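Thank you all for coming. I would like to take a few minutes to walk through one model, beginning with the whole chain and then moving to a few places within it.

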Amino acid sequence: MAQHTKLDLHEQINSGCQKCPRLDRRENTEDGLCTMTLSVQDGALVRCVGKWAQRKIHFLTQYLGIFASGIKVGWEGHIHYIELCSGPGRCIARDTGTEMDGSPLAVLGHQTFPYLETATFLDYNPAVVQSLNARIAALGCAEKARAVEADFNDTAGLKAVLTSRAARGLALVFIDPTDCSLPFASVASIAAALQKADFIINVATRTDANRNLKPAILNGDSKARAKYIRFLGGDAFFNDSAVIRLAEQGQDTALRNHFREAYRDALRGIGYGYFAQESILNYYDLLFASRHPTGLKFWKKAQQITPDNERTFDFFTDGTAG
Ligand SMILES: C[S@@+](CC[C@H](N)C(=O)[O-])C[C@H]1O[C@@H](n2cnc3c(N)ncnc32)[C@H](O)[C@@H]1O
């Protein structure tokens with residue numbers, strides 16, 4: 001039975017938050033970081049987020065709990081956590097002005113963190129990396145945790161960092177971009193650098209793809225099409241007559257499901273065959289991928305408790321999308 005410990009994200013009201021409406025938000029953030037206020041906890045950067053952020057962290061930490069505690073013996077302690085697109089570690093919910101831990105700090109504070117050999121956080125923004133490293137140091141975790149500047153377009157760079165930090169053992173890789181810009185080649189490069197890895201990937205099916213996929217299919221020259229081809233690691237999706245027909249007919253739900261399946265096909269191409277998916281409200285999908293049935297079994301066990309702390313026994317999807 002999965003265990004549930006209430007997430008303590010160290011919430012605090014940040015009175016500097018302007019609770020920006022959509023238009024002001026663009027002016028009051030830079031690369032997703034609030035430019036109006038800093039953390040009331042430590043004076044470092046905070047990322048402006050929506051109300052769904054906690055839900056994502058719930059699914060991540062529920063799996064981490066089972067992953068790190070259930071598996072550690074078999075891997076002689078060589079258990080690693082890797083997060084690509086880590087952010088600075090603290091967020092601020094724009095609807096309430098509540099500041100809270102983001103996924104990196106939720107992992108560092110998790111009861112199973114002591115079981116990890118290393119935790120590596122990657123982000124391309126130097127200010128983000130600096131803030132997160134300051135937080136890691138303040139928590140006394142610098143011996144095994146580190147934030148590193150890395151661009152997800154730099155496949156060789158990602159591979160070099162991960163080979164030096166986590167080549168041996170079992171890794172949990174969380175990839176958390178805001179859209180579909182992350183090339184599939186980078187996912188493949190991360191998998192190649194690690195001995196064995198499970199992935200949790202934030203796939204922006206419900207925002208980015210929902211808005212831009214149809215025009216990208218119907219307009220062969222679009223920049224968006226090139227982005228999705230990079231994202232999926234090939235153009236088979238765009239040459240599929242069923243996909244073109246669905247776009248022409250405006251069948252958005254079926255189109256999104258084909259897109260999800262195309263992403264799974266890319267993962268199948270690098271040996272991943274076991275998937276589950278959780279929806280984060282209407283914003284994005286969290287896709288879990290493993291090479292082994294045990295990974296999927298653990299995921300299902302971990303997610304028997306929903307973010308609302310209710311037990312559930314049949315809400316998992318496995319191959320089909322919600
Ligand atoms: C959704 S936020 C991460 C939030 C964080 N995982 C959390 O839950 O607290 C996305 C992050 O991706 C980073 N990012 C954007 N483009 C990137 C790129 N090309 N390479 C690496 N990181 C990138 C941004 O700097 C931002 O911090």
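What follows goes from the overall fold to one strand, one helix, two arginines and finally the surroundings of the ligand.

Please keep in mind throughout that this is a predicted model. The secondary structure of the protein amounts to eleven helices and 13 strands. Its radius of gyration is 19 Å, close to the 20 Å that the globule rule gives for 322 residues, so the protein is as compact as a globular protein of that length. The C-alpha trace spans about 55 × 50 × 40 Å along its principal axes, and 42% of the 322 residues count as buried. If we take the contacts with a separation of 6 or more, 72% of them are between residues 24 or more positions apart.

Let me turn now to strand E5, residues 79-84. Six of its six residues are buried, so the strand is largely enclosed by the rest of the structure. In a regular strand the side chains alternate between the two faces of the sheet. In E5, Ile79, Tyr81 and Glu83 point one way while His80, Ile82 and Leu84 point the other way, and all of them are buried. Which strands does E5 pair with? One is strand E10, residues 170-175, which pairs with E5 in the parallel sense over six bridges, with isoleucine 79 standing opposite leucine 170. Another is strand E8, residues 118-123, which runs parallel to E5 and is joined to it by five bridges, and here tyrosine 81 stands opposite alanine 119.

The helix I have chosen is H10, residues 252-268, whose 17 residues reach 24 Å from the first C-alpha to the last, close to the 24 Å expected at 1.5 Å a residue. The buried residues in H10 are Leu255, His258, Phe259, Arg260, Tyr263 and Leu267. An α-helix has 3.6 residues a turn, so residues three or four places apart point the same way. What covers the buried residues of H10? The cover includes strands E11 (196-203) and E13 (284-290), together with helices H7 (205-218), H8 (223-232) and H9 (241-249).

Next come the two arginines, starting with arginine 90, which lies in strand E6. Is arginine 90 buried or exposed? It counts as buried, because it has 27 C-beta neighbours inside 10 Å, where the threshold is 20 or more. Leaving out residues up to four places away in sequence, arginine 90 touches Ser39, Gln41, Ala44, Val46, Glu99, Asp101, Gly102 and Leu105. Its C-alpha is 14 Å from that of lysine 56, and the two are 34 residues apart in sequence.

Arginine 94 sits in the loop between strand E6 (90-93) and strand E7 (98-101), and with 22 C-beta neighbours inside 10 Å arginine 94 also counts as buried. Beyond its neighbours within four places in sequence, arginine 94 is in contact with Cys17, Lys19, Cys20, Arg25, Cys48, Val49 and Gly50. Cysteine 34 is 60 residues from arginine 94 along the chain, and their C-alpha atoms are separated by 9.7 Å.

I will finish with the ligand, which has 19 residues around it, and of these Cys85, Gly87, Gly102, Ser103 and Tyr124 come nearest. Gly102 has already appeared as one of the residues that arginine 90 touches. By character, the shell around the ligand divides into six nonpolar, eight polar and five charged residues.

Notes. Residues numbered from 1 in each chain as written. Predicted model: local features only at pLDDT ≥ 70, side-chain atom pairs only at ≥ 80, totals over all residues. Near = placed C-beta within 6 Å. Nonpolar A, V, L, I, M, F, W, Y, C, P; charged D, E, K, R; others polar. Helix = DSSP H or I, 4+ residues; strand = E, 2+ residues; numbered from the N terminus. Expected span 1.5 Å × (residues − 1). Buried ≥ 20, exposed ≤ 12 C-beta atoms within 10 Å, placed from the backbone. Contact = placed C-beta atoms within 7 Å. Pairing = 2+ DSSP bridges. Rg over C-alpha atoms; globule rule 2.2 N^0.38 Å.
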